[in-house]
Amino acid sequence: MTERSIISLLETIILDAWSANASDVHIDPTPTGVEVRVRVNGSLLLSRTLPKNRHNELIARLKILASLRTDEHFTPQDGRFTFFANTARTLDIRISLIPTYHGENAVLRLLSLHYEKQTLSSLGMNRSDVERIDAVLSESHGLLLATGPTGSGKTTTLYALMHAIAAIGHQSRSVVSIEDPIEHAVPGVRQVQIERRSGFTFLQGLRAVLRQDPDVIIVGEIRDAETAAFAVHAALTGHLVLSTMHALNVPSVVPRLRTLSVDPYLISSTLRLAIAQRLVRTVCTACRSIQPIEAAAHSRFASKYKDGAEVPGTQYVGIGCESCHGTGYAGRTGMFDVVPFALGRETSSGLMEDGLRKVGEGTTTFDELLRIGHV
């Protein structure tokens with residue numbers, strides 16, 4: 001295959017993924033060919049199948065674009081490059097390569113450099129949740145955590161929080177973020193990029209930021225005991241600290257901090273609010289129709305959630321059309337549980353209550369609540 005045709009093929013793959021609003025592109029070698037799959041609304045869909053002989057050329061082209069070693073085939077590599085989709089749209093593409101039994105596997109993360117600012121409301125939060133968060137963002141110190149499993153939208157929520165806190169009055173407060181990586185520029189926030197290859201970690205970033213006279217510190221993720229200790233210390237000594245953390249729900253937040261060696265008295269002294277979240281697909285408005293929720297689905301729900309939550313009798317369901325690629329869903333929204341803490345005690349209505357409200361409103365389906373599992 002000629003170099004020009006490989007360039008055109010890769011451009012077509014990326015443009016098709018971008019047109020479908022995909023977040024990721026998977027280039028997976030198989031025994032007989034190459035499967036190209038795209039992640040749309042959280043689900044992987046097969047985009048095309050290519051002959052086996054095009055695999056090496058595609059991987060080599062990606063390595064050249066991302067300035068990776070083209071002679072290395074048995075070690076994971078990570079890189080990034082910029083792709084100009086058209087005169088008005090530019091994509092920042094992150095690439096991850098790993099060796100597999102059938103050859104190198106590539107995953108491309110597509111990020112638009114023309115970021116459309118998200119607000120807490122546009123993410124799917126109701127007014128009372130936004131008001132609870134705004135009250136904490138106006139405080140001078142404390143810890144606010146966005147929690148959930150991988151792929152639940154924590155980073156998007158953190159960026160919405162960054163925009164919200166900058167809007168409150170960034171000129172009167174020094175706001176600094178430590179990110180890995182910086183995905184979007186936020187006016188009013190001094191954003192610091194972590195560089196693990198050069199040894200610049202979250203921990204080192206926190207130490208440096210504390211010498212920058214900050215009022216608000218935003219940490220991309222608390223993933224180890226050292227970062228947790230510094231975040232809590234900063235919150236205890238007169239800083240407002242915002243971060244994300246892996247925890248399944250609000251009741252799991254305190255135990256998770258304890259596993260990171262944070263003492264209970266420090267948690268009760270610093271933790272102001274926790275946000276637990278999941279992402280659910282939204283019903284396609286072009287092909288939706290109202291349908292009853294089947295008794296079997298009610299039974300499955302009741303076997304998982306025994307809190308007496310009221311389940312709607314009907315729901316909107318997309319039957320599948322061209323605009324939603326036959327899936328019945330178009331886009332995603334968040335389910336949230338926003339819980340203020342006071343002296344280490346919390347009252348949580350749970351994620352499921354917000355999910356059921358969204359089913360009743362016709363935003364998502366009952367099947368989506370069952371699909372995301374226990375919350």
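## Exercises on a predicted protein model

In this predicted model, the charged end of R281 sits over the ring of Y329, at 4.1 Å from the ring's centre. The exercises below start from that arrangement and move on to other parts of the structure.

### Exercise 1. Charges and rings

Find which other arginine has its charged end over a tyrosine ring, and state how many aromatic pairs there are.

*Solution.* Begin with R281, whose charged end lies over the ring of Y329. Next, look at R288, whose charged end sits over the ring of Y316, 4.0 Å from the centre of that ring. Finally, turn to pairs made of two rings: the count of aromatic pairs comes to zero.

### Exercise 2. A salt bridge between distant parts of the chain

Decide whether R109 and D24 are buried, partly exposed or exposed, and say where in the chain these two partners of a salt bridge lie.

*Solution.* Start with the contact itself, in which the side chains of R109 and D24 meet in a salt bridge with an N to O distance of 2.6 Å. This pair links distant parts of the chain, since R109 belongs to strand 6 (residues 103-112) and D24 to strand 1 (residues 24-29), 85 residues apart. Then consider each partner in turn: D24 has a relative accessible area of 6%, which is under the 20% limit, and therefore counts as buried. R109, at 38%, falls between the limits of 20% and 50%, so R109 counts as partly exposed.

### Exercise 3. A salt bridge within one helix

Work out how E368 and R371 are placed relative to each other in helix 11, and which of the two is buried and which is partly exposed.

*Solution.* The first step is to locate the residues: both lie in helix 11 (residues 366-371), three residues apart, which is about one turn of the helix. The second step uses a general property: an α-helix has 3.6 residues a turn, so residues three or four places apart point the same way. The third step is the distance, as the closest N and O atoms of the salt bridge between E368 and R371 are 2.6 Å apart. The last step is accessibility, where E368 is buried at 1%, whereas R371 is partly exposed at 45%.

For comparison, take the salt bridge of R69 with D71, whose closest N and O atoms are 3.1 Å apart. Here R69 is partly exposed, with 47% relative accessibility, and D71 is exposed, with 53%. The search of the whole structure finds 14 salt bridges.

### Exercise 4. The nonpolar cores

State how many residues the largest nonpolar core has, and which residues have the most contacts inside it.

*Solution.* The largest nonpolar core contains 46 residues, and those with the most contacts inside it are L145, I217, V241, V253, F301 and F366. Helix 6 (residues 225-236) gives the largest share of this core, namely five residues. A second, separate core has 29 residues, including A22, I27, L62 and A106. To see one of the core residues in detail, take L145 and leave aside its neighbours within four places in sequence; its contacts then include I222, M245, V253 and L271. This can be set beside a general tendency: in soluble globular proteins, nonpolar side chains tend to be buried together.

### Exercise 5. Positive phi angles

Find where D213 and H325, two residues with a positive phi, are placed in the chain.

*Solution.* Recall first that most residues other than glycine have a negative phi. D213 is not a glycine, yet its phi is positive, about 55 degrees. This residue is in the loop between helix 5 (202-210) and strand 10 (216-219), and D213 is exposed, with a relative accessible area of 63%. H325 likewise has a positive phi, near 60 degrees, and its place is in the loop between strand 14 (314-318) and strand 15 (329-342). A glycine can be added to these: G362, which follows helix 10, has a positive phi near 85 degrees.

### Exercise 6. The whole protein

Explain why the radius of gyration of the protein agrees with that of a compact globule.

*Solution.* A compact globule with 375 residues would have a radius of gyration near 21 Å, and the protein has 22 Å, so the two agree. The C-alpha trace spans about 65 × 55 × 40 Å along its principal axes. The protein has 11 helices and 16 strands, and 47% of its 375 residues count as buried.

Notes: Residues numbered from 1 in each chain as written. Predicted model: local features only at pLDDT ≥ 70, side-chain atom pairs only at ≥ 80, totals over all residues. Heavy atoms only, no water. Helix = DSSP H or I, 4+ residues; strand = E, 2+ residues; numbered from the N terminus. Salt bridge = Lys/Arg side-chain N within 4 Å of Asp/Glu carboxyl O. Buried < 20%, exposed > 50% of the residue type's maximum accessible area, 1.4 Å probe, protein only. Core = buried A, V, L, I, M, F, W, Y, C linked by side-chain atoms within 4.5 Å. Contact = heavy atoms within 4.5 Å. Phe/Tyr/Trp six-rings, centres within 6.5 Å; stacked < 30°, edge-to-face > 60°. Lys NZ or Arg CZ within 6 Å of the ring centre and 35° of its normal. Rg over C-alpha atoms; globule rule 2.2 N^0.38 Å.
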